[in-house]
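Open the structure in your viewer and keep the selection tool ready. We will go from a whole chain down to single residues, one stop at a time.

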Amino acid sequence: MEGNKDIISIDQMISILILTAISTGILSLPRRLAEIVPFDHWIVLLVAGLVVLAMVAIYAWIIKLKPGEQYFDILTDALSKPGAYIAALLYIVYYVGLIGFVTRIFGEVIKVYLLVKTPIEIINVSILVSCIYLSRKGVEVLGRLSMFILPIGSVVTVILFLLSLTKTNFRNLLPVFQISPAQVLQGVPATMLSFLGLEVALFFGGNLEKPKESTKILFAVAVVVLFYLAVLVSAFSQFGPIQMKSLVWPTLDLFDTVDIPGLFIENVQVLVMSTWVMAVFSTIAPLYLAGTITLKSITGFGDQAALAAFLLTFIYFVSLVPENLAHVYKAADGFTRYFASIVVVGVPLIVLISLLVQERLKKGAGEGA
Amino acid sequence: MSLWERLFGKKGEDADSDIGEIKVSKSLDKNFKMIKDMLEDCDDVLFREIKMGIDGNYRAVVISIDGMADENIVNEHILKNLMVESRIAPPDIGVLKRQASDVVRDKTLSAAEMKEVETIEQAVIDILTGDTVIILDDYDKIIVIGTKGWEIRDVAAPETENVIRGPRQGFVETLRVNTALIRRRIRDHKFKIKGYKVGRRSKSDVCVLYVEDLVNEDLLEELDKRLKSIDIDVVVDSGYIEQLIEDSWNSPFPQVQHTERPDVVTAELYEGKAAIVVDNSPFVLLVPSGFNAMMQSAEDYYERWGIATFIRILRYFALLIALYMPALYIAVTTYHPQMLPAKLLVSIAANRTGVPFPAVMEAVIMVITLEILREAGVRLPGAIGQTIGIVGAVIIGQAAVDAGIVGPIMIIIVSITAIASFTTPSYNLAIAIRLLRLVLIVAAGILGLYGVTLVTIVVLVHLCGLKSFGMPYLTPYTSYIKKASDLKDTFIKVPLSNMHDRETIVKESERKRMRDHRDEDLNKEG
């Protein structure tokens, strides 16, 4: 009864995953797609969604194979001790990079929309420090928090979309089915950036109440894809593919001026920005926690808050490296393409294969004896 | 243990174990002297030396406290029996010589509650509790007779939890009356009252109330552990117990619910909670209790569901206003004026011309003034308290606006906030909200809307980490997907006929509490 036992239900896991995936990527996703493919952006998204679905299926399988085990232990089982340390190190670097990137975008958006004169350093540090507070509390608290935020966020988001519908023109989506498979493949990596973060499922999988239900986390992917689809459709139907290219964060512009006669506020930015800050927090916090857990298993050091504070210095530094927004996105693109894909798809795939082979061998040995 | 003793929780078996080094001796004089020494300079203690038996051969001492022991019982059922009646029917001398104690205890005293103690210390404690002690000559035990009977405040309508509809009974300061008020509502032998003595010196009676098969055993065990681990000299009020058993003492949020209403306690007992009644306190504690319980009022259950749901939603909305309104105003006017419609912006700007302070200072001044007024109003007697309200709210507010220190919109906002914060049913939650409001105001002054959201996030993280006796504080808002019906009694309240199940803290097997009345009615009509 004392304290938290760090056990989460599958519902909480799904909430965590949904909120982790949705963050800064959503702001620029329509533009990045518009830059690569001329039309049929939604097909690209669906294909990317399928890829992510396969990826998350790997995670679910791993969790199922090793129920109740921490990811680092699974890594040790699959890749031997040195391999596990290397993989864990990769994950930490990956998390530092990803959180740094998300934090930077976050700071930039806040600077443009909310606090024009406040130094970005203060914004970055303040959100990171509040994430440390959560890192100290652990997975169970994160699960409850996600479960609490998700429905409220969904309701607000649906209302916002309904409000933005007044200016949509669905003809902007035409023509359809004109895209070539090559173009689709070109667009998929850019889309993947918006799905980064789902691999925290691996780190929290050991804390699942019923690991057998782990395949249900695929549901989270479906929700995220649907949400992105809604964003894409409403953004493109409002701005059209040509105008889209010139907007830095089209998703925010979507809600910029809601004009409903008789409505008390003609500006829903208060809602949009608070919801979005929540969304970003609920992205950084799980990533941060996953990074901290990994660091904890490498070092064997018990105090999570201290470890999180240690990571903060690196994340803060990374978040301030790029000179401007263009650099940020360029760096992020390279990061996703070459590094993240290894960590997010490569390592889990190797782990899964290794586990399956081990199991086969064990079974063979058992039958042989 | 008799029902009587159970009911009034006279003696906790475990609490007594540490007292009693001096055994009662056979000599009356020795015992008497020892007790007299311990109670030296206690002028409210009455010592009555009497002689019993047909010839007055047997000595005894009756000790009680003036004002705490019921004089009627002492006079009519103890002294009269021992002194007068014992002379009318002369007992067999031989028997009396050998077993004076048996005769006195079993045949003479006509009192319901009686026990024997073997140590001087225990006897003194019983005297100080209001019981009457009889020391017999040549007997190594002391007889204790339950004579507790002091002035009790009448059971009246509770002051803090008013309802329009519902019982008008509130707890009083006497434990036995309070437990009886609850027992009267529950004629169920599964309803248990377990006594403790807390406080090294005060030895205050504390009772834990629960319904045996509904309550979670872990909860009782934990409660038992926490109550026994309390090591304090005096327990003055249930507030002491609350602070000493709560999970997280440094949280601004209350993790133990307190109520003055026996009907609330009864209802919560059947939701699987445990109640803690503390002697000398009209506030009964309920555990585990989360945020949801603090937002409920007794009346919600006595009115039809549509009204109750509307009021609940209104209450949550008022809570949001009480928390956020000043902070949002500051954030938007100071940092994000572009978020306001042009007309509103012009109106606000026009109102604020001439105000020398930034909006944060304006808000802090007004909120602090309001808190001072509230505190003054609480301390003053009723009639003057109202005057303070009028002087404060109307005159000072108007004067502040006229003097140009505060803008009129700020006055409106602070007033609405204050009124909204009164809708929170739980007083201790309302205090937490008031504190948080100040934090939010400062955050809005420093980081605008971002600051407000950040504070909200940190508070949410804190709330999600908080537990009350093993139950997550935000239950069921953080774990509802498995069963949407867990939300039946939260910010909405479904019809009573649909509330078949008890709350989730109750064991799975005991969840069901009601047959489905609705189907039956439909069948009848169809």
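Accessible areas here come from the Shrake-Rupley method with a 1.4 Å probe. Keep in mind that this is a predicted model.

**Stop 1: all of chain B.** Select chain B and show its surface. About 24900 Å² is exposed, and carbon and sulfur atoms supply 58% of that. Buried residues account for 52% of the chain's 526 residues. Switch to cartoon: chain B has 17 helices and 12 strands. Its radius of gyration is 30 Å, well over the 24 Å from the globule rule for 526 residues, so chain B is more spread out than a compact globule. Along the principal axes, its C-alpha atoms fill a box of roughly 105 × 65 × 40 Å.

**Stop 2: an open sheet.** Which strands form the open sheet in chain B, and in what order? Select five strands: the order is β6-β7-β9-β10-β8, with antiparallel pairing. Look at the edges, where β6 (191-198) and β8 (257-259) of chain B stand. Each has a single partner strand, so one side of each has no neighbour in the sheet. From one strand to the next, the twist averages 25°.

Zoom in on β6(B) and β7 (residues 204-211) of chain B. They pair in the antiparallel sense over 8 bridges. Click Lys192(B): its bridge partner in β7(B) is Tyr210(B).

Now add two helices. Helix α8 (residues 238-245) of chain B packs on the sheet, and its direction makes about 135° with that of β9(B). Helix α9 (residues 262-269) of chain B also packs on the sheet, at about 20° to the direction of β10(B). α9 touches β6, β7, β8, β9 and β10 of chain B.

**Stop 3: strand β3 of chain B.** Select residues 114-117 and show side chains. Which of them are buried? Lys115(B) and Val117(B) are, and they point to one face. Met114(B) and Glu116(B) point to the other face and are not buried. Next, add β5 (residues 142-145) of chain B, which pairs with β3(B) in the antiparallel sense over 4 bridges. Opposite Met114(B) stands Ile145(B) in β5(B).

**Stop 4: the cores.** Nonpolar side chains tend to be buried together in soluble globular proteins. Here, the largest nonpolar core has 192 residues. Among the members that touch the most others are Tyr94(A), Phe204(A) and Tyr450(B). Helix α4 (residues 71-113) of chain A gives the most to this core, 22 residues. Finish on Tyr94(A): its contacts include Leu196(A), Phe335(A), Phe339(A) and Val343(A). A second, separate core has 22 residues, including Leu220(B) and Val256(B).

Terms used: Residues are numbered from 1 along each chain as its sequence is written. Chains are lettered from A and ligands numbered from 1 in the order in which they are written. This is a predicted model: local features need pLDDT of at least 70, side-chain atom pairs count only at pLDDT 80 or more; totals for chains, interfaces and linings use all residues. Side-chain values use heavy atoms; hydrogens and water are left out. Buried means under 20% relative accessible area, exposed over 50%, partly exposed in between (1.4 Å probe, protein chains only). Two strands pair if DSSP finds at least two bridges between them. A nonpolar core is a set of buried Ala, Val, Leu, Ile, Met, Phe, Trp, Tyr and Cys residues joined through side-chain atoms within 4.5 Å. Contact means heavy atoms within 4.5 Å. The radius of gyration is taken over C-alpha atoms; the globule rule is 2.2 Å times the number of residues to the power 0.38. Axes are lines fitted to C-alpha atoms, for helices over the stretch in contact, and angles run from 0 to 180 degrees between N-to-C directions. Lists of a residue's contacts leave out its neighbours within four places in sequence.
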